[in-house]
Every structure is written in structure tokens, then in C-alpha cells.
Amino acid sequence: MEYRIETATIDDMKELLELQKRAFKPVAETLKCEEIPQMMDTLENCIAEFGKDTILKMLSDDNKIIGSVRGNVNDGSLYIGRLMIDPKYQGKGLGRKLQRKLESMFDYKREWLCSYINDTNTYNFYKRDGFVEYDKYEVVNGVMAAHMEKK
């Protein structure tokens, strides 16, 4: 199967939000918390936030959005957010492809992101890529996350 990566448009926001809910549902279940920000997001919020980040989408052969990532550069730091792959397509290296595409679009000295500590699949995904934890914080209801960076 062939996948393409394109820049998302505001018209993609509804489909991206649906993907986000599918992709983060297993995370919410692992964390035993349905109130994580990715599950509480609304279409209105997604539309209002559009344009603050570069958003990439990954499309399948039949033009369905199966993955996405967003990011921006501020003060030489690339922020990576909402890296998500439809659960049916996970484990095939697609998340890493999206991440690499986003990284290739910017000039930066350091990357940073947030990851849930107790979601070991995602947390270890970033650790294998060279990210290290530099701060911890509570997101909601005892769910802990870490700021991670790679220089």
C-alpha cells in the first residue's frame, strides 16, 4: 500500500478530529482517563486553532486520512504535537515517516514534545528516537506527562 503526505487544510479538520479520537482512545484506556485533552477536543476548537501549526496528513490509497502530525518552530525549537496514526495502521513505521517529514520542513536546533508517561508505547517510541525527559507535570486526574527533548 502506498501512502502520501500532504499539508492539511481547514476542510480536513472534521476528519482529523475523528482520527484523533480513534487514535487516542487506546491511550485514554491505557491511562484509565477519558478526560485527556485529545479526547475532549471539539471541532470548534480545532477550527479556531487552525493555522497556529503546520499540520500534515497521511493519506491511504483511497484518500482517507490515516495519520497526522503538527508542529511549529519558536526560538529555534521545533514543537511536535498530536502525532497520530489510525490504530488499524499502527506498527508499520508510519508515525516515524510523518515525524521525519515534519522535521525536514524546518530549520531548528532542538525538538520538543509532550508524552504521557504511563502510555509506555508512545513514551518509549520517542525515547527510542533519542528524546529525553526534562520535566513532568499532571495533565488531569493524576495522569502524568513529560516534556521530552532531542538536540
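Select helix α5 (residues 120-128) and then show what its buried residues pack against, namely β4 (77-85), α4 (94-104), β5 (110-116), β6 (132-140) and β7 (143-150), where contact means heavy atoms within 4.5 Å. Helices (H or I, at least four residues) and strands (E, at least two) are DSSP runs, numbered from the N terminus. This is a predicted model, in which local features need pLDDT of at least 70 and side-chain atom pairs count only at pLDDT 80 or more, while totals for chains, interfaces and linings use all residues. Residues are numbered from 1 along each chain as its sequence is written, and side-chain values use heavy atoms, with hydrogens and water left out.

Staying on α5, pick out Tyr123, Phe125 and Tyr126, which are buried, a word that stands for under 20% relative accessible area, as exposed does for over 50% and partly exposed for the range in between (1.4 Å probe, protein chains only). Looking down the axis of α5, you will find these buried residues within an arc of 155°, so they line one face of the helix; the arc is that of the directions from the helix axis to the C-beta atoms. On the face turned away from the buried side, select Asn121 and Arg128, which are exposed. Following α5 comes Gly130, with a positive phi near 100°.

Next, move to the largest nonpolar core, which has 21 residues and in which Leu16, Phe24, Val27, Leu31, Ile36 and Tyr116 touch the most other members. A nonpolar core here is a set of buried Ala, Val, Leu, Ile, Met, Phe, Trp, Tyr and Cys residues joined through side-chain atoms within 4.5 Å. Two or more residues of this core come from each of α1 (13-31), β2 (54-59) and β7, and α1 gives the most, with nine residues. If you centre on Val27 and leave aside neighbours within four places in sequence, its contacts are Ile36, Tyr116 and Asp119. Another core lies apart from this one and holds 20 residues, among them Leu56, Ile66, Leu98 and Leu102.

Now select Lys57 in strand β2, which counts as buried at 9% relative accessibility. Its side chain is joined to that of Asp12 by a polar contact of 2.8 Å, the term being used for a pair of N or O atoms within 3.5 Å, of which, within protein, one must be able to donate a hydrogen and the other to accept it, with residues adjacent in sequence counting only if both atoms are side-chain atoms. Not counting residues up to four places away in sequence, Lys57 also touches several others, including Arg4, Glu6, Ile65, Ser68 and Leu98.

Two loop residues deserve a stop for their backbone angles. Lys32, in the loop between α1 and α2 (37-40), has a positive phi near 55° although it is not glycine, and it is exposed, with a relative accessible area of 75%. Asn63, in the loop between β2 and β3 (65-74), likewise is a residue other than glycine with a positive phi, near 65°, and is partly exposed at 47% relative accessible area. Most residues other than glycine have a negative phi.

Finally, zoom out to the whole chain, which has five helices and seven strands, running from the N terminus as β-α-α-α-β-β-β-α-β-α-β-β. Buried residues make up 44% of its 151 residues, and its C-alpha atoms fill a box of roughly 40 × 35 × 30 Å along the principal axes.
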